[in-house]
Amino acid sequence: MSNYALPLIWRKFPERYNLLGNKCTNCGRSYFPSRKICPNCRRKGHLIEEVMPKEGKIISFTKVFSAPEGFEEEVPYFLAIIELINGVRLLAQIVDNEDHKVLIGAKVKMVFRKISEKDEESPIAYGYKFKIVE
Amino acid sequence: MRSVSIIGAGITKFGEHWERSFRELVVEAGIKALQDAGIEGKQIQALYGGCMASGMFIGQEHIGALIADQLGLNPIPSTRVEAACASGGVALRNAYLAVASGAYDIVAVGGVEKMTEVSTTIATQALGGAGDEETELFFGATFPALYALMARRHMEEYGTTEDQLAMVSVKNHKNACLNPYAQFQKEISVEDVLNSGYVASPLKLLDCSPITDGAAALILCETNLARKICERPVEVVASAQASDSLALANRKSLTELRATKIAAREIYEKTGLKPKDISFAEVHDCFTIAEILAIEDLGFFEKGYGGKATEKGLTALNSEISINPSGGLKGKGHPVGATGVAQAVEAYLQLRGAAGKRQVKDASFGLTHNVGGSGATVVIHVFKAIEGKR
Ligand SMILES: [Zn+2]
């Protein structure tokens with residue numbers, strides 16, 4: 001992964017720690033991560049902050065065996081496309097579960113975790129992951 | 001808009017060229033294309049070069065100027081085009097538009113990537129840049145992982161199997177054995193693919209295209225002029241390009257590339273052609289699932305039938321439709337910035353009947369399909385051979 005500068009990491013705190021996105025009051029669509037304009041309404045749109053729900057379900061998943069830099073110690077790990085209960089989709093790791101429970105349609109909820117650690121000098125990146133709800 | 005034709009093409013051997021530099025590769029392809037066209041360098045009025053990530057791969061940017069300089073084409077305008085793995089195809093499209101618009105009569109197109117100078121980790125990072133840094137790469141997504149998410153969903157919705165994915169790779173390796181420019185000259189079996197180890201399940205190592213060095217080049221010319229100076233021009237019948245969300249999660253469907261469907265619809269509407277009129281297609285098989293999505297989204301097979309069609313041999317050389325007669329990205333190799341141009345070189349050779357052992361019989365229309373990232377850029381071209389000078 002890239003050498004994240006600290007300002008980039010700080011800027012992303014509300015989004016990555018609390019799933020803060022936004023919503024267009026003109027068309028009602030929710031966005032995560034937040035957008036600067038509503039791609040559906042463009043200049044007619046009006047965006048307000050919206051915290052995403054923390055629950056959803058798995059749309060698709062993969063078990064990653066060949067990891068990028070900063071993720072070597074996590075291997076193998078699950079990545080999934082998750083659909084939150086408001087319909088917004090995001091990509092995240094699935095953690096704390098037995099492999100056979102990671103399935104399309106499985107219900108998940110957000111947890112807060114360390115994402116990657118490049119080396120001792122680099123800042124540790126934190127953010128959202130998801131776990132299966134029994 | 002004026003009609004545009006290809007009058008010359010050049011390509012280097014694709015593979016791991018540890019002994020050869022970026023510059024040597026691009027010059028070899030460029031000179032071959034000029035020689036093939038039988039024109040002088042000074043007749044070229046502009047140059048468009050596709051290159052994805054030379055900054056990370058060789059520490060060199062400003063590739064437009066570099067190519068013109070190395071080929072002795074200064075002071076013509078030379079522009080680098082970057083659209084991830086679709087850089088080459090988008091460079092071709094920009095050159096096509098420049099000639100079609102009347103701005104220039106003869107233009108060169110190049111595509112190049114030198115990927116083996118860095119470690120696999122750096123190469124993975126460079127390629128990862130085609131995805132969404134903030135919502136994909138940050139969370140540990142790799143390119144194989146993104147396509148694996150599409151593959152898993154396709155298996156779930158349509159019953160596509162890991163064996164069928166493997167068969168794409170087997171077919172493309174078989175075709176590559178007939179292509180002297182291809183990186184791999186060895187047939188593989190379904191078992192070889194299944195036993196090659198997961199990279200990101202359900203995709204295994206042999207479901208993935210390799211890391212490759214290579215370059216390709218074309219000379220484009222306004223068609224009336226092309227008929228006077230070239231014996232067998234290959235006309236660019238149509239060109240279309242579409243964009244989609246950078247991040248995979250923001251797409252409505254994981255089992256199609258919407259940008260492919262939209263660009264394909266534009267191609268068929270512009271030309272009046274139907275998918276069954278296409279004799280062969282060079283499609284973007286960066287991963288085996290990508291070929292299955294492509295042959296469905298291009299309309300060659302019904303959605304969900306791509307895996308079964310492959311299993312039945314309908315995409316093999318000289319079957320119902322020859323898909324990736326060159327060996328595709330999987331068998332021929334995938335020097336990312338060169339790929340889109342190399343696909344058009346293959347179409348040019350096939351339509352002129354110059355493709356040797358991998359020749360598609362009675363080829364009338366050939367299609368090329370080049371994808372950037374996980375589908376955020378798609379560019380499609382259709383070609384046919386026309387009468388030239390006698
Ligand atoms: Zn809106």
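**Notes on the A–B interface and the domains of both chains**

1. Let me start where the two chains meet: across the interface of chain A and chain B there is one salt bridge. Lys12(A) and Glu134(B) are the partners, and their closest N and O atoms lie 2.5 Å apart. Please keep in mind while reading that this is a predicted model.

2. How many residues does each chain bring to this contact? Chain A contributes 33 residues and chain B contributes 29 residues. About 2800 Å² is buried between chain A and chain B, and carbon and sulfur atoms give 62% of that area. As a reminder, the size of an interface is often quoted as the accessible area lost when the parts come together.

3. Polar contacts join the salt bridge here: 12 residue pairs are in polar contact across the interface of chain A and chain B, with both residues at pLDDT 80 or more. On the chain A side, at least two residues each come from strand S4 (55-64), strand S5 (77-84), strand S6 (89-94) and strand S8 (125-132). Which of these elements gives the largest share? That is S4(A), with six residues. Sorted by class, the side of chain A that touches chain B holds 22 nonpolar, five polar and six charged residues.

4. Now to chain A as a whole. Its secondary structure consists of two helices and eight strands, and along the sequence the pattern of chain A reads α-α-β-β-β-β-β-β-β-β. Taken along the principal axes, the C-alpha atoms of chain A fill a box of roughly 45 × 35 × 20 Å.

5. The domain assignment splits chain A into domain 1 (5-12 + 54-132) and domain 2 (20-52). Taken over C-alpha atoms, the centres of domain 1 and domain 2 of chain A are 24 Å apart. In the contact between them, seven residues of domain 1 of chain A meet five residues of domain 2 of chain A.

6. What area do these two domains bury between them? For domain 1 and domain 2 of chain A the figure is about 480 Å², with 62% of it on carbon and sulfur atoms. On the domain 1 side, Lys54(A), Asn86(A) and Val88(A) lose the most area to domain 2 of chain A, together 63% of what that side buries. Between these domains of chain A the count of salt bridges is zero, and one residue pair is in polar contact, both residues being at pLDDT 80 or more. The side of domain 1 of chain A that touches domain 2 of chain A is made up of four nonpolar, one polar and two charged residues.

7. One sheet in chain A deserves a look. Three strands make an open, antiparallel sheet in the order S2-S1-S3 (chain A). Strand S2 (30-31) and strand S3 (47-51) of chain A are at the edges with a single partner strand each, so one side of each has no neighbour in the sheet. Strand S1 (residues 20-24) of chain A runs antiparallel to S3(A), and five bridges join the two. One place to check the register is Lys23(A), whose bridge partner in S3(A) is Ile48(A).

8. Chain B also has two domains: domain 1 (4-119 + 211-229) and domain 2 (139-205 + 237-385). Their centres, taken over C-alpha atoms, are 23 Å apart in chain B. Domain 1 of chain B gives 42 residues to the contact, and domain 2 of chain B gives 31 residues.

9. Between domain 1 and domain 2 of chain B about 2600 Å² is buried, 67% of it from carbon and sulfur atoms. Which three residues supply more than any other three of the area that domain 1 of chain B buries against domain 2 of chain B? They are Phe14(B), Cys85(B) and Arg93(B), which supply 25%. Salt bridges between these two domains of chain B number zero, whereas 12 residue pairs are in polar contact across their interface, both residues at pLDDT 80 or more.

10. Finally, the elements on the domain 1 side in chain B. Strand S1 (4-11), helix H1 (22-37), helix H4 (87-100), strand S4 (106-114) and strand S7 (213-222) of chain B each give two or more residues to the side that touches domain 2 of chain B. H4(B) provides the largest share, seven residues. By class, this side of domain 1 of chain B has 23 nonpolar, 12 polar and seven charged residues.

Methods:
Residues are numbered from 1 along each chain as its sequence is written. Chains are lettered from A and ligands numbered from 1 in the order in which they are written. This is a predicted model: local features need pLDDT of at least 70, side-chain atom pairs count only at pLDDT 80 or more; totals for chains, interfaces and linings use all residues. Side-chain values use heavy atoms; hydrogens and water are left out. Contact means heavy atoms within 4.5 Å. Buried area is the accessible area (1.4 Å probe) that two parts lose on being put together, summed over both. A salt bridge is a side-chain nitrogen of Lys or Arg within 4 Å of a carboxyl oxygen of Asp or Glu. A polar contact is a pair of N or O atoms within 3.5 Å; within protein, one must be able to donate a hydrogen and the other to accept it, and residues adjacent in sequence count only if both atoms are side-chain atoms. Helices (H or I, at least four residues) and strands (E, at least two) are DSSP runs, numbered from the N terminus. Ala, Val, Leu, Ile, Met, Phe, Trp, Tyr, Cys and Pro count as nonpolar, Asp, Glu, Lys and Arg as charged, and the others, Gly among them, as polar. Domain bounds come from an automatic or database domain assignment. Two strands pair if DSSP finds at least two bridges between them.
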